[in-house]
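Got your viewer open? Here's a short tour of what to select, stop by stop.

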Amino acid sequence: MGKHSMTEASGSSLSSMPEWYTQGLPHIWLPYSQMKTASAPLVAARTHNTRITLTDGRELVDGVAAWWTACHGYNHPHIRQAVCQQMETMPHVMFGGMMHQPALRLASRLCTMLPGDLERVFFTDSGSVSVEVAMKMAIQYRLNKGQTKRTKMLAFRGGYHGDTLATMSVCDPEEGMHHLYGSALMEHVISPLPVDEASTATFLDLLAKHAHELAAIITEPLVQGAGGMLFHSPQTLRTLRKAANDHDVLLILDEIFTGFGRTGTMFACEQAGIVPDIITLSKALTGGTMALAATVARRHVFEAFLSDNPEHALMHGPTFMANPLACACANASLDLFETEPRLQQVQNINAFLTEALEPCRTLPGVKDVRTLGAIGVVELEKINNPDALRQRFIAEGVWIRPFRNIVYLTPAFTIEKQDLRKLTDAIYKVLS
């Protein structure tokens, strides 16, 4: 298979794999993997509800909902029907100079659901790009007003906003996965998140010092996800909103992970009673079925782009922007939030995780156990070999993907209690 081939998948022999596998494996570049030493990933054959069936017949309970996206479980019939119907009429059409019903209906529904006057939606096809657009909006908001020196962001330690060059620049510069690119990235102001008296004082001092060059503050509300599932209180968001108002700085909330019920409310910012100037959405937007993202701006942000000067327009337009198939998925997903008890299911999951994961607190090497909405986290002192730990979970029949120093669960909201118990039992057993 070549000098730099991956080792064979856990529990599978290459000789037993189909031809498409052996021919394709040497040509795949995997995410977040050292390809010289990486084990070949498991090979999924099909999905159903909250389970993944592998080509060798094994079945795994998915504890992370396909990177936090499949909030309704896999293969939901209502979403599948919407995709099939849209495929028959119009799978795609360019959004430059044209528009279509699925996108306009989705934009209207999102703005009705969101708080305040968040009322203008710009569709993209990935979370990272939606954050890039939010940053461009914030910077051009200043440029259109003639404030040419206000082009920086204030971001936070522990934060993660994507893997593209601009979004990497507002991730944690030291603890994040992007520190190797430091010299190539635009420099922004990085602050501790204001979670206590000392960090609040540091944040306010940095904000006052740099306000003259800042376009916006950007953060993940309530949970810094890829930074280690770090929780903070709604009061932190209220502190950010007041500070942004006091210094005339826009506030961007990255709700790509936290949006659509994951923290217990439809959007995390609702728990703080605040309205960001710009919000980014993705992941569960389509119920985990297709790639779609949205950047939604408040009225005063949008109005700064209205001008007789063509250079004041937002010059951005992804090829697959507002893809009709993806918009149909998202509309179907919103239907399910309206007709099925998703937020109640999140509350039920939280109660179960809080009780079932608590015994892990007594295990050697466990630093903390915490839950919020449909998120359960066991934080360890360290994880020496995440891949070996992942293999132990696979042997228990569950798909759990540890990273940094945490083992976490972000299951589908529709998960049945026996599958949820299988996940929590596996964590306790393996960590024991």
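**Stop 1: the strands around β11**

Start by selecting β10 and β11, which run parallel and are joined by three bridges. Keep in mind that you're looking at a predicted model. Show leucine 253 and you'll find it opposite isoleucine 279 in β11.

Now add β12: this strand runs antiparallel to β11, and four bridges join the two. Pick isoleucine 278 here, whose bridge partner in β12 is alanine 297.

Next, turn on the side chains of β11 (residues 278–281). Which way do they point? Ile278 and Thr280 go one way, Ile279 and Leu281 go the other, and all are buried. That fits the general pattern: in a regular strand, side chains alternate between the two faces of the sheet.

**Stop 2: helix α8**

Select residues 234–246, helix α8. If you like a quick sanity check, put a distance between the end C-alpha atoms: they are 19 Å apart, which agrees with the 18 Å that 13 residues should span at 1.5 Å a residue.

Colour the buried residues of α8: Thr236, Leu237, Thr239, Leu240, Arg241, Ala243 and Ala244. What do they pack against? Their neighbours are β5 (152–156), α7 (197–210), β7 (214–219), β10 (250–254) and β12 (293–298). Before moving on, click aspartate 248, just after α8, which takes a positive phi of about 55°.

**Stop 3: the largest nonpolar core**

This core has 120 residues, and Phe123, Met153, Phe260 and Ile427 touch the most other members. Helix α5 (residues 127–144) gives the most to the core, with nine residues. Both domain 1 (22–74 + 341–431) and domain 2 (77–339) supply at least three residues each.

Zoom in on phenylalanine 123. Leaving out residues up to four places away in sequence, its contacts include Ala103, Leu106, Leu110, Leu292, Pro318 and Met321. Another core lies apart from this one, with seven residues, among them Ile79, Leu325, Cys329 and Leu336.

**Stop 4: a three-stranded sheet**

Last, select β13, β14 and β16, an open sheet in that order with antiparallel pairing. β13 (366–372) and β16 (406–409) are at the edges with a single partner strand each, so one side of each has no neighbour in the sheet. On average, neighbouring strands are turned by 10° against each other, direction ignored.

Six bridges pair β13 with β14 (residues 375–380); show aspartate 368 and you'll see it opposite glutamate 379 in β14. Finish with helix α13 (residues 417–431), which packs on this sheet, touching β14 and β16. The direction of α13 makes about 165° with that of β16.

How values were computed: Residues numbered from 1 in each chain as written. Predicted model: local features only at pLDDT ≥ 70, side-chain atom pairs only at ≥ 80, totals over all residues. Heavy atoms only, no water. Core = buried A, V, L, I, M, F, W, Y, C linked by side-chain atoms within 4.5 Å. Buried < 20%, exposed > 50% of the residue type's maximum accessible area, 1.4 Å probe, protein only. Domains from an automatic or database assignment. Contact = heavy atoms within 4.5 Å. Expected span 1.5 Å × (residues − 1). Pairing = 2+ DSSP bridges. Axes fitted to C-alpha atoms, helices over the stretch in contact; angles between N-to-C directions.
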